[in-house]
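I sat down with this one to go through confidence, sheets, helices and the sulfur link. My jottings are below, in the order I looked things up.

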Amino acid sequence: MRSMLAATLMLASATGAGAQMTTPQVPGTKPKAVQTVPIKPPALQTPSETADAMAQAERLSLQSDLAWVGEYNGAITGDVSSRMVDAIKEYQKAKGGKPTGVLNPQERAALAETARRKQDSVGWKIVTEMTSGARLGIPSKLVPQQATDASGSKWSSPTGTVQVLLSRRKEANPTSAKLAETEKKEPAGRKVDYTVVKPGFFVLSGLQGLKKFYVRGTFKGDEVRIMTILYDQATENTVEPVVIAMSSAFNAFPTAPQAGPPPRKTVEYGTGLVVSDDGAIVTDRLVTDSCLAITIGGYGNADRLAEDKEHDLALLHIYGTRGLKPLSLAGGAAKASVDVVGIADPQSQGGAAGVSSVSGALAPVTASDSALSPPPAVGFSGSPTIDNDGKFVGIALLKPAMVAGPSTAVPASQAVMVSADVVRDFLKANAVTANGTSTDAKAAVVRVICVRK
């Protein structure tokens, strides 16, 4: 926890130290020659230089993912640091790889998928506290119970082993130092082992009875807002990465619109795989969620008959059609490289509905799922993945990446592949006989169109 809190200092003291000064040109004098710095090729760059060349959104996403897997304990700001490079090396070593400090596409995809699963396991979401408007990240599965009154909100586990409190109050002429001194004494018996006091905020951590605590507070005018996290020491391994994410996500006085996944589109496009000649189609559950109508391009309306929430699969059915060419689902096992066959969003192909194929690399994450890199284009979610022998190995799904960082964070896209075994089990559980014999994936995919309110 001590090293985690040190990251808060980094967040507060970050400056534009990298800015360069230029000397103004005096009229009538000969301009000095401009010194150019050659750009190093990637192979000769240091890990820090490679990270520096990334977009800010990529660095934010990388730091967030490293924090979620327990390797990074710094502030999630998107700034390049030795702490971030060291975290990458530790992650690579933990996975049995060479600690280069630069993730290859397969390593990055596997990291993203592992972090997403960690977020899913605790129910991570960004919420706005009702009484104050403060924005904070909440592990909703760890603290499913919520109570709110005029002074703020409390989220807690059923047995109280983990608690999150957001309190607000009015105070005349508050300062970070005064607030920190008050919080050290309330409640009685707190043992503070770390303190950070800055003009705009303060942080405390230590022991409160048998629980660990983390407090971050700030103020604006006479309004004081304080986030407190309490957790049993036995839950430390689970909760501490979440505490890092919550500290970086906490925005006591937000001015920007709420961060998080964008709202679902009024019209959303995906790809479906025909698996039986009587009209059964497997696709992405999220693409077909909350639809007023689902249409299969060239065939008409479809019904959604079943879903698998764990793996985000949906079963659709179209009726009265002929000439369908279902894909054979037999055989294939996940390989290191695959082809994803789908139909990109019409905006990316001039309104057309052409079927295309893109190559990707797989990195196993669990027995049933693999990370897919690079993510295919929008519209490909629900597409079949095919190995070099032309055999079906799974369904590709696009996933939004939730960054545990500032409210201005821009999520990076990511993709996973649900294995062929999971798809076959899903169909069997819903009494669908996959009777395809064709190995022509392009002939077996259809465009899925969801229309929402």
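These entries start with confidence and then go through the fold piece by piece.

**Confidence**

I am working with a predicted model, so I looked at pLDDT before anything else. The protein chain averages 83, and 85% of its residues are at 70 or more. Residues 1-37 are below 50, though this stretch still has 43 contacts in the model beyond near neighbours in sequence. I noted a further stretch below 50, residues 407-412, with 10 contacts of that kind. Note to self: low pLDDT means the predicted coordinates should not be read in detail.

**Gln 63**

I picked Gln 63, which sits in helix H3, residues 56-68. Buried or exposed? Gln 63 is buried, because its relative accessibility is 0% and the cut-off for buried is under 20%. Next I asked what Gln 63 touches beyond its neighbours within four places in sequence. I got Tyr 72, Ala 75, Ile 76, Thr 77, Gly 78, Asp 79 and Met 84. For Thr 77, 14 residues away along the chain, I also noted the C-alpha separation from Gln 63: 8.0 Å.

**The sheet from E3 to E6**

Then I traced an open sheet of seven strands, and I wrote its order down as E3-E4-E5-E9-E8-E7-E6, paired antiparallel. Strand E3 (145-149) and E6 are at the edges; each has a single partner strand, so one side of each has no neighbour in the sheet. On average, neighbouring strands here are turned by 15° against each other, direction ignored.

At the E3 edge, I found five bridges to strand E4 (residues 152-156), in the antiparallel sense. Gln 145 is opposite Ser 156 in E4.

**Helices on that sheet**

Which strands does H6 touch? H6 packs on the sheet against E5, E6, E7, E8 and E9, and its direction makes about 15° with that of E7. I then checked which residues of H6 (176-185) are buried, and found Ser 176, Leu 179, Ala 180 and Glu 183. They are on the same side of H6, because they cover an arc of only 100° around the axis. The cover over these buried residues includes strands E5 (162-170), E6 (190-197), E7 (201-208), E8 (211-220) and E9 (223-232).

Helix H7 (residues 236-249) was next on my list. H7 lies across E5, E8 and E9, at about 165° to E9.

**The sheet from E13 to E14**

I followed another open sheet of seven strands, also with antiparallel pairing, in the order E13-E12-E22-E10-E11-E15-E14. Its edges are strand E13 (300-301) and strand E14 (303-308), each pairing on one side only. At the E13 edge, two bridges link E13 to strand E12 (residues 293-296), antiparallel. One bridge I looked up there has Thr 295 partnered with Asn 301 in E13.

Which helix lies across strands of this region? I found helix H8 (residues 420-429), which crosses strand E11 (280-284), E14 and strand E15 (313-317), at about 50° to E15.

**The disulfide**

How many disulfides does the structure hold? I found one. Cys 291 and Cys 450 make the link, with sulfur atoms 2.0 Å apart. The angle about the S-S bond is -115°, and the link is left-handed. Cys 291 is in the loop between E11 and E12, while Cys 450 is in strand E22 (residues 445-451), so the pair ties together parts 159 residues apart in sequence. I also checked burial for Cys 450: it is buried, at 0% relative accessible area.

**E16, E17 and E18**

Last, I went along strand E17 (residues 355-364). Strand E16 (residues 337-343) runs antiparallel to E17, and seven bridges join them. From that pairing I noted Ser 337, whose bridge partner in E17 is Ala 361.

E17 also pairs with strand E18 (residues 369-373), antiparallel, over four bridges. There, Pro 364 is opposite Ser 370 in E18. How many residues lie between E17 and E18 in their hairpin? I counted four.

Definitions and conventions. Residues numbered from 1 in each chain as written. Predicted model: local features only at pLDDT ≥ 70, side-chain atom pairs only at ≥ 80, totals over all residues. Heavy atoms only, no water. pLDDT = per-residue confidence, 0-100. Contact = heavy atoms within 4.5 Å. Buried < 20%, exposed > 50% of the residue type's maximum accessible area, 1.4 Å probe, protein only. Arc of directions from axis to C-beta. Pairing = 2+ DSSP bridges. Axes fitted to C-alpha atoms, helices over the stretch in contact; angles between N-to-C directions. Disulfide = S-S within 2.5 Å.
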